[in-house]
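User: Hi! Could you walk me through this model, one question at a time?

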Amino acid sequence: MLYETIGIVRAGKISEVKEIVLTAGQLILRQGGVIRDVQNWGVFMLPSAISRHQTRHTRGHYFVMRYDAGIKTHEEVRNTLAIDPRVIRAANVKLGDGKLATLSKFGKVPWAQLER
């Protein structure tokens with residue numbers, strides 16, 4: 001299955017984002033999955049303040065990772081991100097069913113063309 005994870009890490013050090021992506025990526029690769037894409041979106045203001053692990057956050061460092069993996073691997077990645085105190089929020093979406101016809105519909109998102 002093709003999954004997409006959008007993660008928000010506490011703003012500060014890029015090394016924390018790299019460590020979190022590396023940990024999730026190693027989980028995927030060890031289970032036989034394939035990482036399709038990793039994007040660093042940078043630091044943005046959160047839509048509203050979020051309290052997580054007794055800290056209030058107003059800014060977050062966003063990243064996106066697309067990967068093919070099984071359900072068990074996806075659950076393990078989701079749980080790992082949920083318990084990491086550096087992660088403010090993570091959202092996971094199943095994009096496809098693993099068939100080539102479905103996977104070919106998804107490409108790069110034309111962010112420059114979208115209105116802000």
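Here are questions and answers on the fold, the cores, the strands and the ring pairs.

User: Happy to start with the ground rules: what kind of model is this, and what pLDDT do local features need?

Analyst: Side-chain values rest on heavy atoms, with hydrogens and water left out, and residues are numbered from 1 along each chain as its sequence is written. This is a predicted model in which totals for chains, interfaces and linings use all residues, side-chain atom pairs count only at pLDDT 80 or more, and local features need pLDDT of at least 70.

User: Which element has the lowest mean pLDDT?

Analyst: pLDDT is the predictor's confidence in each residue, from 0 to 100. The protein chain averages 86, and 82% of the residues score at least 70. Among the elements, α2 has the highest mean, 94, while the lowest, 60, belongs to helix α3 (residues 100–103).

User: In what order do the elements run from the N terminus?

Analyst: Elements here are DSSP runs numbered from the N terminus: helices are H or I with at least four residues, strands are E with at least two. The protein chain has 3 helices and 4 strands. From the N terminus on, the order is β-α-β-β-α-β-α.

User: Which helix or strand gives the largest share of the largest nonpolar core?

Analyst: A nonpolar core is a set of buried Ala, Val, Leu, Ile, Met, Phe, Trp, Tyr and Cys residues joined through side-chain atoms within 4.5 Å; buried means under 20% relative accessible area, exposed over 50%, and partly exposed in between (1.4 Å probe, protein chains only). The largest such core has 15 residues, with Ile20, Phe63, Met65, Tyr67 and Val77 making the most contacts inside it. At least two residues each come from β1 (2–10), α1 (14–30), β3 (55–68) and α2 (71–83). The largest share, 6 residues, is supplied by α1.

User: And how many residues are in the other core?

Analyst: It lies apart from the largest one, and its members include Ile8, Leu46, Ile50 and Tyr62. The number of residues in this core is 5.

User: Which residues does Phe63 touch beyond its neighbours in sequence?

Analyst: Contact means heavy atoms within 4.5 Å, and neighbours within four places in sequence are left aside for this list. The partners of Phe63 are then Thr5, Ile6, Gly7, Val9, Val17, Ile20, Val21, Gln39 and Trp41.

User: How many bridges does β3 make with β2?

Analyst: Two strands pair if DSSP finds at least two bridges between them. β3 runs antiparallel to β1, joined by 9 bridges, and Ile6 has Val64 in β3 as its bridge partner. β2 (residues 34–52) also pairs with β3 in the antiparallel sense, with Phe44 opposite Gly60. The bridges between β2 and β3 number 13.

User: Which residue in the turn of the hairpin has a positive phi?

Analyst: β2 and β3 form this hairpin with 2 residues between them. The one in the turn with a positive phi, about 55 degrees, is His53.

User: How many residues of β3 are buried?

Analyst: Across the 116 residues of the protein chain, 34% count as buried. β1 is mostly covered, with 7 of its 9 residues buried. β3 is also mostly covered, and its buried count is 10 of 14.

User: Why does Arg86 count as buried?

Analyst: Arg86 is in the loop between α2 and β4 (87–96). Not counting residues up to four places away in sequence, Arg86 touches Ile8, Val9, Arg10, Glu16, Glu19 and Ile20. Arg86 counts as buried because its relative accessibility is 17%.

User: What is the geometry of the Phe44 and Tyr62 pair?

Analyst: Rings of Phe, Tyr and Trp (its six-membered ring) pair if their centres lie within 6.5 Å; planes under 30 degrees apart are stacked, over 60 edge-to-face and the rest tilted. The search finds 2 aromatic pairs, one of them the tilted Tyr3 and Tyr67, at 5.8 Å centre to centre and 35 degrees between the planes. For Phe44 and Tyr62, the centres are 5.7 Å apart and the planes are at 75 degrees, so this pair is edge-to-face.

User: Is Phe44 buried or partly exposed?

Analyst: Its ring partner Tyr62 is buried, with a relative accessible area of 13%. Phe44 has 40% relative accessibility, so Phe44 counts as partly exposed.
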